[in-house]
Amino acid sequence: LSDGGLHNMFLSEDGEMWLFDLGEPCLQTIPSFLTKFLMSFFHTLGMEEDETGDWVVRFEQDGSSGRLRPTERTVELQADAIRAFNVTVDRIVAELFDGADGVRILLLRYVVTQLVSDAAFCIEKWRLKGGGDELRSDHQDNLEKWLWRALWDVYVSEELRRRYLAREMFTRQAEVRDLGYRKTDLRSVQEG
């Protein structure tokens, strides 16, 4: 598969499944496939359709500060997606990579990068359709959906980075401290 993820799959109420927009079939490395698959746990939330067929806007403006924040429904769905993501990553690391925990961080970095890449794709799509150009954008409906989706991708990629990658960095810093280095030892290493 060249573009296989949860965002390329529909499940009907009666248990039928169909795939779409997979691109031309080709061989793909396991990390590439897993990146797209894992990214889609969050990516799909940016593509959920409302009753009119438009994408759901995942943010609302705070009345007092004017800042954007995720809607209550988004917070609930994001928590569900994170739980499913954690279970899936745990199983992938355990079953495909013999528990090699370094793979977890690599997969997380790939997923964050893929989400940021999708945000760039959304902004480019918005621009190509005439976004930001008053002459060309008048005939286009709902161009802002691409910007909302880009914002979602950036937001959720930062959430993943903050939750997982920052924690890993602090863990590694603690390991360095636990090696018995003193400040004077680190200064001599830095000076030398």
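**Entry 1: Arginine 69**

I began with a side-chain pair: arginine 69 and aspartate 62 are joined by a polar contact of 2.5 Å. I note here that the model is a predicted one. I then looked up where arginine 69 sits, and found it in strand β4, which covers residues 68-70. Its relative accessible area is 35%, so arginine 69 counts as partly exposed. I listed its contacts, leaving out neighbours within four places in sequence, and got Arg58, Phe59, Glu60 and Asp62. For one of these I also checked the backbone: the C-alpha atoms of arginine 69 and phenylalanine 59 lie 5.3 Å apart, with the two positions 10 residues apart in sequence.

**Entry 2: The whole chain**

I next went through the secondary structure and found six helices and four strands. Their order along the sequence is β-β-α-β-β-α-α-α-α-α. The protein has 192 residues, and 31% of them are buried. I looked up the exposed surface as well: it comes to about 12,800 Å², of which carbon and sulfur atoms supply 54%. Among contacts with a separation of 6 or more, 60% are between residues 24 or more positions apart.

**Entry 3: Confidence**

I checked the pLDDT before going further. The mean for the protein is 78, and 70% of the residues reach 70 or more. Residues 176-192 have a pLDDT below 50, and this stretch makes three contacts in the model beyond near neighbours in sequence. Where pLDDT is low, the predicted coordinates should not be read in detail. I therefore leave the details of residues 176-192 alone.

**Entry 4: The nonpolar cores**

I asked which residues touch the most other members of the largest nonpolar core. They are Leu38, Phe42, Phe85, Val111 and Leu160, out of 26 residues in that core. The elements giving two or more residues to this core are α1, α2, α3 and α5, the last of these spanning 144-177. Apart from this core I found another, of five residues, with Trp55, Ala119, Cys122 and Trp146 among them.

**Entry 5: Three residues of helix α1**

I looked at phenylalanine 42 and placed it in helix α1, residues 30-43. Is phenylalanine 42 buried or exposed? It counts as buried, because its relative accessibility is 0% and the cut-off for buried is under 20%. Not counting residues up to four places away in sequence, phenylalanine 42 touches Ala81, Ile82, Phe85, Trp152, Val156 and Leu160. I followed up Val156: its C-alpha atom is 7.1 Å from that of phenylalanine 42, although the two are 114 residues apart along the chain.

I did the same contact search for leucine 38, with the same residues left out, and wrote down Phe85, Thr88, Val89, Ile92, Leu107 and Val111.

Threonine 35 is also in helix α1. Its relative accessible area is 8%, so threonine 35 is buried. Beyond four places in sequence, threonine 35 touches Tyr110, Val111 and Gln114.

**Entry 6: Aspartate 98**

I ended with a backbone angle. The phi of aspartate 98 is near 50°, a positive value in a residue other than glycine. Most residues other than glycine have a negative phi. I found aspartate 98 in the loop between α2 (72-96) and α3 (102-128). With a relative accessible area of 72%, aspartate 98 is exposed.

Key
Residues are numbered from 1 along each chain as its sequence is written. This is a predicted model: local features need pLDDT of at least 70, side-chain atom pairs count only at pLDDT 80 or more; totals for chains, interfaces and linings use all residues. Side-chain values use heavy atoms; hydrogens and water are left out. Buried means under 20% relative accessible area, exposed over 50%, partly exposed in between (1.4 Å probe, protein chains only). Contact means heavy atoms within 4.5 Å. Accessible areas come from the Shrake-Rupley method with a 1.4 Å probe; for residues, only the protein chains shown count as cover. pLDDT is the predictor's confidence in each residue, from 0 to 100. A nonpolar core is a set of buried Ala, Val, Leu, Ile, Met, Phe, Trp, Tyr and Cys residues joined through side-chain atoms within 4.5 Å. A polar contact is a pair of N or O atoms within 3.5 Å; within protein, one must be able to donate a hydrogen and the other to accept it, and residues adjacent in sequence count only if both atoms are side-chain atoms.
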